[in-house]
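This report covers strand pairing in parts of the protein and then the properties of the whole chain.

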Amino acid sequence: MPRLLKMFMPAFLAAPLSATEPARKREWQPVQEYITTIDPKDEERKGMGKEQRINPFLSYTAIGTDYGFLGPDASVLAWSPHHIHVRLTDGQWAGIWHSLTKRGMDADAMLDFQRCYPPWIADAFQPRITGIKLRGHGTGKIKVEIKTANQEVIWSDGGMVENKQDDIEAYRELPRLGRAKYLNWIASTDSELSVDMIGLEVEMPARPFDMEVFLKSYAKLSICYSMKSGLVADRAHIETGAFDCVPASGMFCLATAAAAEHGITGKEFALTVLRRVHEAVTRLEAPLGVLPHFIRQIDGRYRIHPGTEYSTVDTAIYYHSMLLAAQMLGDAGTLQAVLRDMRRLDFKQLRDAEGYIFHGLKEDGSPLAGTWRDWGGETALVLLLQRAVAGADAPALMHKDGKVWQGTGFIPEIQSLFYPQFDSKEADRVSGRIWPETRGALLKRQMQYFAGAKGSVDRAYGLSAGEASRGRGYLVSGVDLPSQEVIHPHYILMSSGMVEKPGDVYSLLQKLEDCGYFPPVGLAENIHMTTGEQLPMLGSLNASFEAIAACHLLARHRAQPDPIYTAAKNCALLNEAITWLFPPSP
């Protein structure tokens, strides 16, 4: 087993749970593991230096917050992957602060240690924080403290580490603390050590594992939502209004409506979220009706984020999510308002000379070069939106080869977040393909890709799309590509409808939880299958996929009606649109 994989494993996990066996258990939630975005050469260490600024887009904690330096001697700290190196003498002291919720400068946001999920999650589903742990190696002295936003110390241990040789693993059980803002560690003089991880022990509510999977996935997405803006950030640790995500905001509405169905949150909150998201998005500039993927506040108004595009597939994801959420919540007013917004789409001008729909528009309104023609879920969603807006006379063009581009995992699954009909054993009317056959064949290849590979996480799979290793860029991988090493575990949930026994999916997710890849704030963004390293970034798009897919898996596992699919069948517009691909059920 890779060393990193061992590092992340909690020391006292209870015996594995079945999907139906509720139990109150404690898990470790890392706050920071000091994963860097650079690869130092050989043994070279990256010096912090007073001039060194942490890039807020690339450097973040494992709970979706920011962090920074403490003390007059922070410039002597050094950084290499997974380690903060400390060498202090002659009365020096330095350390690291970590915000416990949102950014450190957001003084109005504090974490409730007795209800540590976002406040709109119901009491019965709230975990609490019971302990703290620091891991490293070397010798010296470290103080750990927990502070409020106004710097009041509510817990401190001046001797968390004292003259420890070699491996450091210090644990303290916490009293019942209230609200706090910062978790800090401070090393003092005559210390030569490294700090590798600081984390919190979390006691989860007593829920069956299938419900816990949905709860964790929804909590991860919720952390990306801002009550101030009413929108969802692309990444939880980014400043509110600086880089918000339109499709994830729509999917948060849908996931929240589903969470309300299960009592995880209230219907009133779900309605408020739906209406606030719609209010913000309906005001956006949308050339030819196409919505931007990313937006930011500029001079007090939301606009397309500079350097990004207006995207037809993200427009389709947003509108499908909003229609289904409004349907589930019985909000006829918002449903009609969303329909009015959709009618702004001018598909006649969004098609190329052959009739294929453009991927979107540039900032200046001119078409992007690419068009939706490949077989798969993204193309299907765009064409379904066209059908809903333009009717049956619009051309419906998609390749008929059933070939998934690069064998990328999410592509043949994204449509099934919204429609149950893609599970049909009948061929669709356009490509003549039986979707479960293609989806199932790809899943089999995904499962086999790392089978028997040295150092790989047992039975894990997910060659899909998301952040690259250590967050260095965006990675689109797939089973058609050789020598891939990084998986995105959102695919495990997205493809779960193609797994014969839902319990098998939960067994794999339980293994990921046991290994530290599925902590209380949800699945890791990615996992390196050779080294065992993970990227603990809370990104809203993949979190949205995970939350909605977890709702479907929960319903299937319990053989209960699926609230999202029920809404899809009850939404007249979407029910008519899907007949383009599949005839109506008798």
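Strand β15 (residues 244-245) lies antiparallel to strand β16 (residues 294-298), and 2 bridges connect the pair. The model in which this pairing appears is predicted. D244 has its bridge partner in β16, namely I295.

β16 also pairs with strand β17 (residues 301-304): the two run antiparallel and are joined by 4 bridges. At this pairing, I298 stands opposite R301 in β17. The connection between β16 and β17 is a hairpin with 2 residues between the strands. D299 is in that turn and has a positive phi of about 55°.

Further along the sequence, 3 strands form an open sheet, ordered β24-β25-β26, with antiparallel pairing. Its edges are β24 (486-487) and β26 (534-535), each of which pairs on one side only. Between strand β25 (residues 526-528) and β26 there are 2 bridges, again in the antiparallel sense. Within this pairing, I527 has Q534 of β26 as its bridge partner. In general, side chains in a regular strand alternate between the two faces of the sheet.

The strand pairs with a stated bridge count are listed below.

| Strand pair | Sense | Bridges |
|---|---|---|
| β15 and β16 | antiparallel | 2 bridges |
| β16 and β17 | antiparallel | 4 bridges |
| β25 and β26 | antiparallel | 2 bridges |

These strands belong to a protein with 13 helices and 26 strands. The protein has a radius of gyration of 24 Å, and the globule rule gives 25 Å for 586 residues; the two values are close, so the protein is as compact as a globular protein of that length. The C-alpha trace spans about 80 × 55 × 45 Å along its principal axes.

How much of the protein is made up of buried residues? Of the 586 residues, 62% are buried. The exposed area of the protein is about 22300 Å², and 50% of that area comes from carbon and sulfur atoms.

Contacts can also be sorted by sequence separation. When contacts between residues at least 6 apart in sequence are considered, 74% of them join residues at least 24 apart.

The charged side chains number 62 positive and 69 negative. The centres of these two sets lie 2 Å apart.

Terms used
Residues numbered from 1 in each chain as written. Predicted model: local features only at pLDDT ≥ 70, side-chain atom pairs only at ≥ 80, totals over all residues. Heavy atoms only, no water. Pairing = 2+ DSSP bridges. Rg over C-alpha atoms; globule rule 2.2 N^0.38 Å. Buried < 20%, exposed > 50% of the residue type's maximum accessible area, 1.4 Å probe, protein only. Contact = heavy atoms within 4.5 Å. Areas by Shrake-Rupley, 256 points an atom, 1.4 Å probe, with all protein chains shown as cover. Lys, Arg positive; Asp, Glu negative; His and termini not counted. Charge placed at Lys NZ, Arg CZ, Asp CG, Glu CD.
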